[in-house]
Structure formats: C-alpha cells, structure tokens
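User: Could you take a close look at one part of this model for me? I'd like to know what it touches, and then how the rest of the fold sits around it.

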Amino acid sequence: MDHPNQGQTSQRKRGRFAPSPTGDMHFGSLYTAVASYLDSTSQGGEWVVRVENLDPPRIVAGSLQNILTALDVHGLQTTEPRVSQSQRLHLYDAALESLQMAGKLFYCTCTRKSLAALDGGYPGTCRTRRDPPEQGHAVRFRLDVDRAFTFTDQVQGRQEYAPGSLSDFIVKRRDGLHAYHLAVVVDDALQQVNSIVRGADLLDSTPLHILLQQALGYPTPEYLHLPVLTRNGQKLSKQHGAPPISLQRPVENLARALELLGQPVPQGGRPNDPAGLLAIAAGNWQRHLLPRETSIELTCS
C-alpha cells in the first residue's frame with residue numbers, strides 16, 4: 001500500500017506550529033517553529049498557530065502566554081488568530097461519529113498494564129466489541145492494513161512499514177479525553193494545513209495519521225520530519241527539564257536554529273532584529289540543506 005505525499009502543490013502553502021502549554025518554550029520548540037515558519041513563508045505561504053491543550057491535568061498556568069510571548073519576541077508572527085483544541089471538542093466528536101458509522105471504531109477495555117509486555121503493539125483483543133461496555137474503556141481505530149505501508153517524507157525519505165507492524169490505536173482515551181492522533185488529523189484538515197513540519201520523534205505516527213485522513217475523506221498533507229534535538233541522549237523537551245529559552249537574545253537564538261537546520265546564517269551585517277533576520281532566512285531557505293539524521297546531539301545550549 002503505497003501512499004506518497006499528496007501535498008497540494010497547486011495551493012498556497014499553509015503550515016502550522018502547535019505548542020502544548022505544559023511549560024515555557026525551550027530551544028527545541030523554537031527550532032521546530034522556525035523551520036515550520038520559514039518553510040511556509042519562504043514560498044509566500046501562511047503560517048498558523050494552534051494550541052494543543054487537550055490534557056487539562058498537564059497544563060501549566062501561565063505557560064501559554066509565555067509561549068506566545070516567546071514567538072512574538074522572536075518575530076514568528078502568525079497570519080491569523082490562533083485556535084485552541086479545547087474549544088474544538090465538538091469537531092472531534094463529529095469525526096468519531098463519522099468513523100463509528102463507517103465501522104472503523106471499536107471499544108477496548110485493555111489496560112496499559114495488560115499491554116505492557118507487547119512493546120506498544122495491540123493484539124486485537126477487543127476488535128469485535130462494537131457496543132460500549134459498562135466498565136472503563138477506550139475507543140480504538142480499526143486498522144485494516146494487510147500489506148506494507150509506505151509514504152515519502154520530505155527530509156527522511158521513503159518510509160516503509162511491514163505488514164502487521166501497525167496496530168489499532170486509541171482515538172478516545174479511557175478518561176474520556178480525545179487522543180492526540182484524532183485531534184491533530186481533524187485540526188490539520190479543517191485548518192487546511194497542507195504542509196506539516198515537525199520532529200522525527202513523530203515519524204512513526206504519520207502512517208496512523210494518513211490512515212485516519214483516508215477514513216475521514218481528508219486530503220493528505222506533505223510531511224517534513226526534522227532531526228530531534230537531544231542532550232545527553234535525551235530529547236530536548238519539557239519532560240526532560242529543558243530550560244526556557246532566553247528572551248534577551250532572540251537574534252542569537254534564531255541564528256543558532258538556522259545553523260542546526262543547515263541553513264545559511266548571515267554573518268557580516270547581520271540584522272539586529274528578529275524580523276529582519278527571518279526575512280533574509282526566508283529568502284535563503286533551502287529544504288535540501290536540512291540535515292537527514294533523525295536526531296542531533298547538542299553540545300551547548
């Protein structure tokens with residue numbers, strides 16, 4: 001089953017950055033935001049910001065404003081008002097209803113503990129359960145893929161998944177919250193995002209997203225997965241204690257991000273304002289210079 005990118009090249013490019021307000025912005029998030037912004041704006045496209053706040057217990061008070069301030073300080077201006085997932089629950093419910101009517105969902109009572117020994121795979125235990133049980137349950141998307149599944153990433157190249165390597169996955173959690181896989185697919189489609197730039201840690205989520213897009217009748221955007229920034233072998237992330245990015249040196253932060261993205265960095269006569277530097281960087285943006293690794297180890301902040 002070969003599914004090359006179906007990015008709508010005849011349309012205006014439309015990218016997005018989707019931060020989670022679970023802590024202040026760190027350098028890894030800025031690096032991804034810069035790449036997404038430049039990849040869209042370098043072609044005269046649009047760039048939107050979406051707040052991924054589906055998991056209330058993980059939200060840190062004040063972090064959203066801090067993230068938005070960091071974007072503004074670094075000159076990363078969205079082309080339209082941002083949206084928040086917490087205000088779009090009815091859209092995810094509508095997508096679930098459509099999938100249910102198509103026979104693509106089932107109710108799963110398996111616990112994480114019972115599946116822990118399966119290395120993330122799902123054996124299909126509850127596939128025949130079409131009606132919601134009384135006990136706690138999640139809702140899973142039924143994968144009917146009996147051949148190799150492939151897609152082409154703009155940086156990482158052709159990706160192939162052997163038959164049986166993709167498992168039925170959760171689209172609504174046991175706690176009643178909509179799952180990331182469902183929400184991101186619905187949001188990208190309804191926001192008309194046709195070019196997705198994100199970290200390579202999400203590379204293996206892409207087949208699931210493409211299959212959901214097909215089941216919902218959505219177009220498939222093009223995907224570009226950047227190397228994940230790591231320190232001491234761990235992804236640079238809030239979970240691993242990445243420090244907030246300094247707002248006192250935005251030009252230096254942007255120049256460092258450009259360097260890690262393999263892009264030309266203005267030397268003599270470099271603009272001393274973020275907007276000026278981004279304008280030059282957009283004119284110089286070259287996808288073929290992006291590093292092809294799936295991770296880059298940082299030696300300094």
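**A loop residue and its surroundings**

Analyst: Let's start with Gln191, which, setting aside residues within four places in sequence, makes contact with Arg14, Val48, Arg50, Val83 and Arg88. Keep in mind that this is a predicted model. Gln191 sits in the loop that links α5 to β9. Is Gln191 buried or exposed? Its relative accessibility is 6%, so Gln191 counts as buried.

One of those contacts, Val83, also leads us to Val51. Beyond four places in sequence, Val51 touches Val83 along with Pro19, Pro21, Leu64, Arg82, Ser84 and Gln85. Val51 belongs to strand β2, and it counts as buried because its relative accessibility is just 1%. If you want a yardstick here, take Ile67: Val51 and Ile67 are 16 residues apart in sequence, and their C-alpha atoms lie 10.0 Å apart.

Strand β2 (46–51) also brings us to the largest nonpolar core, as one of the elements that give two or more residues to it; the others are α1 (27–41), α2 (63–73), β10 (222–226), α7 (250–260) and α8 (274–284). That core has 41 residues, and Phe27, Val34, Leu38, Leu71 and Leu76 are the ones with the most contacts inside it. The largest share, 8 residues, comes from α1. There's also a second, separate core of 33 residues, with Leu96, Leu99, Val193 and Leu211 among them. As background, nonpolar side chains tend to be buried together in soluble globular proteins.

Back in the largest core, what does Val34 touch once its neighbours within four places in sequence are left aside? Val34 is in contact with Leu76, Leu254, Ala257, Leu258 and Leu261. Leu254, Ala257 and Leu258 are among the buried residues of α7, a list that also includes Pro250, Val251, Asn253, Ala255, Arg256 and Leu260. So how many of the 11 residues of α7 are buried? The count is 9, and α7 is mostly covered. The cover over those buried residues includes α1, α2, β11, α8 and β13 (295–297). Just after α7 comes Gly262, with a positive phi of about 75°.

Now for the largest pocket, where α5 and β9, the elements on either side of the Gln191 loop, both turn up. Each supplies at least two residues of the lining, as do β1 (14–17), α1, α4 (112–115), β5 (138–141) and β11 (228–231). Here too α1 gives the most, with 5 residues. The pocket has a volume of about 1800 Å³ and is lined by 50 residues; Ser20, Arg58, Tyr180, Leu202 and Lys235 lie nearest its centre. By class, that lining has 22 nonpolar, 16 polar and 12 charged residues.

Stepping back to the whole chain, there are 8 helices and 13 strands. The radius of gyration is 20 Å, close to the 19 Å the globule rule gives for 301 residues, so the chain is as compact as a globular protein of that length. Its C-alpha atoms fill a box of roughly 65 × 40 × 40 Å along the principal axes. Of the 301 residues, 52% count as buried. As for contacts with a separation of 6 or more, 79% of them are between residues 24 or more positions apart.

Methods
Residues are numbered from 1 along each chain as its sequence is written. This is a predicted model: local features need pLDDT of at least 70, side-chain atom pairs count only at pLDDT 80 or more; totals for chains, interfaces and linings use all residues. Side-chain values use heavy atoms; hydrogens and water are left out. A nonpolar core is a set of buried Ala, Val, Leu, Ile, Met, Phe, Trp, Tyr and Cys residues joined through side-chain atoms within 4.5 Å. Buried means under 20% relative accessible area, exposed over 50%, partly exposed in between (1.4 Å probe, protein chains only). Helices (H or I, at least four residues) and strands (E, at least two) are DSSP runs, numbered from the N terminus. Contact means heavy atoms within 4.5 Å. On a 1 Å grid over the protein atoms alone, a cavity is a set of points where a 1.4 Å probe fits but cannot get out, and a pocket is an open set with protein on both sides within 12 Å along at least five of seven lines; lining residues have an atom within 4 Å of a point. Grid points are joined across faces, edges and corners, and a volume is the space filled by probe spheres set on the points. Ala, Val, Leu, Ile, Met, Phe, Trp, Tyr, Cys and Pro count as nonpolar, Asp, Glu, Lys and Arg as charged, and the others, Gly among them, as polar. The radius of gyration is taken over C-alpha atoms; the globule rule is 2.2 Å times the number of residues to the power 0.38.
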